[in-house]
Amino acid sequence: LSRYKLKFSPDKVDTMIVQAISLLDDLDKEVNNYIMRCKEWYGWHFPELAKIIQDNIAFCKTVQRIGYRTLAAELDLSDILPSDVEAQVKEAAEISMGTEISEEDITNIRHLCSQVIEISDYRTQLFEYLKNRMMAVAPNLTVLVGELVGARLISHAGSLLNLAKHPASTVQILGAEKALFRAMKTKHDTPKYGLIYHASLVGQTSAKLKGKVSRMLAAKAALAIRVDALGEGTEATLGIEQRADLEKKFSILEQNATKRISGTGKMQAKFEKYQKNSEKGQFNQDQASTLPHKRYSDFGGRGGANKRFKSDNMNKSFVV
């Protein structure tokens with residue numbers, strides 16, 4: 001049964017995605033090395049050109065067209081460069097401080113520039129092929145995280161089915177295993193994201209929310225991966241709904257709203273202030289007095305004051 005499915009469903013073969021994304025990364029490295037070598041090589045003859053033209057492909061096309069810098073003033077570069085940049089190139093070519101090179105050097109530099117242009121064109125074609133293949137194999141994952149991030153997740157896991165076996169927490173830090181084990185060994189904070197950091201939804205949020213956004217996106221991506229790997233549908237209905245839901249939640253987080261993110265939670269009960277009905281009573285003058293009260297014991301108990309008064313009068317009567 002597995003051989004039958006593999007033979008008659010070529011669109012679901014994720015091995016092509018693994019090979020395509022690996023080749024795409026290799027092409028990027030090779031193109032960068034070739035362009036760096038081309039700028040250093042031609043910089044001996046025309047060093048000012050690399051500072052004027054920032055785009056690498058435009059630089060290679062200009063070098064291939066000009067050759068010797070003394071011919072720049074006579075050539076038309078309007079189909080390669082804007083008018084203001086073209087004027088700067090022609091002006092810099094007249095006062096350049098570069099050294100003279102031979103015809104053989106120019107030939108090899110032009111050949112290197114043609115290689116860079118061809119590899120760049122093939123890289124663009126390969127990226128279009130990867131986009132179409134990702135939409136055929138994992139449409140929901142592609143809608144959520146993009147073609148490149150989704151392809152790198154599949155390549156890192158080995159296949160789409162292996163990726164579907166991972167929980168959301170593993171999908172979140174997939175690609176940051178070295179940092180994870182180093183943090184566990186040194187008892188530091190573990191990483192919050194791996195390859196999923198390069199997704200557009202994570203990139204457009206603020207720095208303090210990237211960890212929370214990565215966790216929420218990984219949870220939705222784990223569901224989308226399982227639907228793509230085990231489901232029979234070819235449409236990205238689930239991915240579109242989840243992306244819209246995530247964008248809504250992320251906007252609430254960005255606005256620092258106080259409402260709950262989840263709509264299923266119970267609303268907090270509103271407690272009204274309890275007011276006790278006070279009983280009305282009459283005003284008591286004795287209770288309102290602030291003077292200390294004297295007890296009977298202070299006057300000698302019951303009748304103590306009268307006894308002292310009588311004894312004092314009797315003593316006075318016997319005095320002569």
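Is Arg152 buried, exposed or partly exposed? At 28% relative accessibility, Arg152 falls in the partly exposed class, and its home is helix H8. This is a predicted model, so everything below describes a prediction. The protein chain is helical, with 16 helices and zero strands. Here's a quick tour, starting with the overall picture and then going through H2, H6 and H8, H4, and one loop residue.

**The chain overall**

- The protein chain has 320 residues, and 32% of them count as buried.
- Take the contacts between residues at least 6 apart in sequence: 61% of these join residues at least 24 apart.

**H2 against H8**

- Helix H8 covers residues 147–157, and its axis comes within 9 Å of the H2 axis, with a crossing of roughly 115°.
- That crossing angle is why H2 and H8 count as roughly perpendicular to each other.
- As for handedness, H2 passes H8 in a left-handed crossing.
- On the H2 side, the residues involved are Ile17, Val18, Ile21, Ser22, Leu24 and Asp25, and they meet Leu148, Ala151, Arg152, Ile154 and Ser155 of H8.
- By residue type, this contact of H2 with H8 splits into seven nonpolar, two polar and two charged.

**Back to Arg152**

- Setting aside neighbours within four places in sequence, Arg152 is in contact with Ile21, Asp25 and Leu195.
- Ile21 and Asp25 both turn up in the H2 side of the H2–H8 contact too.
- Arg152 and Ile21 are 131 residues apart in sequence, yet their C-alpha atoms are 6.8 Å apart in space.

**H2 against H6**

- H2 (15–43) and H6 (103–137) pack at an angle of about 155°, and their axes are 9 Å apart.
- An angle over 145 degrees counts as roughly antiparallel, so H2 is roughly antiparallel to H6.
- Here, too, the crossing is left-handed.
- The residues of the H2–H6 contact come to 26 nonpolar, two polar and four charged.

**H6 against H8**

- H6 and H8 pack at about 70°, with 10 Å between their axes.
- With that angle, H6 and H8 are therefore roughly perpendicular to each other.
- H6 brings Phe127, Leu130, Lys131 and Met134 to the contact, while H8 brings Glu147, Leu148, Gly150, Ala151 and Ile154.
- Sorted by type, the residues of this contact of H6 with H8 are six nonpolar, one polar and two charged.
- Leu148, Ala151 and Ile154 of H8 meet H6, and these three residues also meet H2.

**Glu128 on H6**

- Glu128 is placed in helix H6, and its 39% relative accessibility makes it partly exposed.
- The C-alpha atoms of Glu128 and Glu147 are separated by 9.9 Å, and the two residues are 19 apart along the chain.
- Glu147 is one of the H8 residues in the contact with H6.

**H4 and what covers it**

- Helix H4 runs over residues 56–66, and its buried residues are Ala58, Phe59, Cys60, Thr62, Val63 and Ile66.
- The cover over those buried residues includes helices H2 (15–43), H3 (49–52), H5 (83–94) and H6 (103–137).
- At the start of H4, Asp55 has a side-chain oxygen that reaches to within 3.0 Å of the backbone nitrogen of Ala58.
- Just after H4 comes Gly67, which takes a positive phi of about 75°.

**Thr62 inside H4**

- Thr62 sits in helix H4 and has 0% relative accessibility, so it counts as buried.
- Its contacts, leaving aside neighbours within four places in sequence, are with Leu49, Ile53, Leu77, Ile80 and Leu81.
- Among these, Leu49 falls within the H3 stretch (49–52).

**Lys187 in a loop**

- Lys187 is placed in the loop between helix H11 (177–186) and helix H12 (200–203).
- Lys187 is not a glycine, but its phi is positive all the same, near 60°.
- With a relative accessible area of 77%, Lys187 counts as exposed.

Notes. Residues are numbered from 1 along each chain as its sequence is written. This is a predicted model: local features need pLDDT of at least 70, side-chain atom pairs count only at pLDDT 80 or more; totals for chains, interfaces and linings use all residues. Side-chain values use heavy atoms; hydrogens and water are left out. Buried means under 20% relative accessible area, exposed over 50%, partly exposed in between (1.4 Å probe, protein chains only). Helices (H or I, at least four residues) and strands (E, at least two) are DSSP runs, numbered from the N terminus. Contact means heavy atoms within 4.5 Å. A polar contact is a pair of N or O atoms within 3.5 Å; within protein, one must be able to donate a hydrogen and the other to accept it, and residues adjacent in sequence count only if both atoms are side-chain atoms. Axes are lines fitted to C-alpha atoms, for helices over the stretch in contact, and angles run from 0 to 180 degrees between N-to-C directions. Angles under 35 degrees count as roughly parallel, over 145 as roughly antiparallel, 65 to 115 as roughly perpendicular and the rest as oblique. A crossing is left-handed if the near helix is turned anticlockwise from the far one by less than a right angle, and right-handed if clockwise. Ala, Val, Leu, Ile, Met, Phe, Trp, Tyr, Cys and Pro count as nonpolar, Asp, Glu, Lys and Arg as charged, and the others, Gly among them, as polar.
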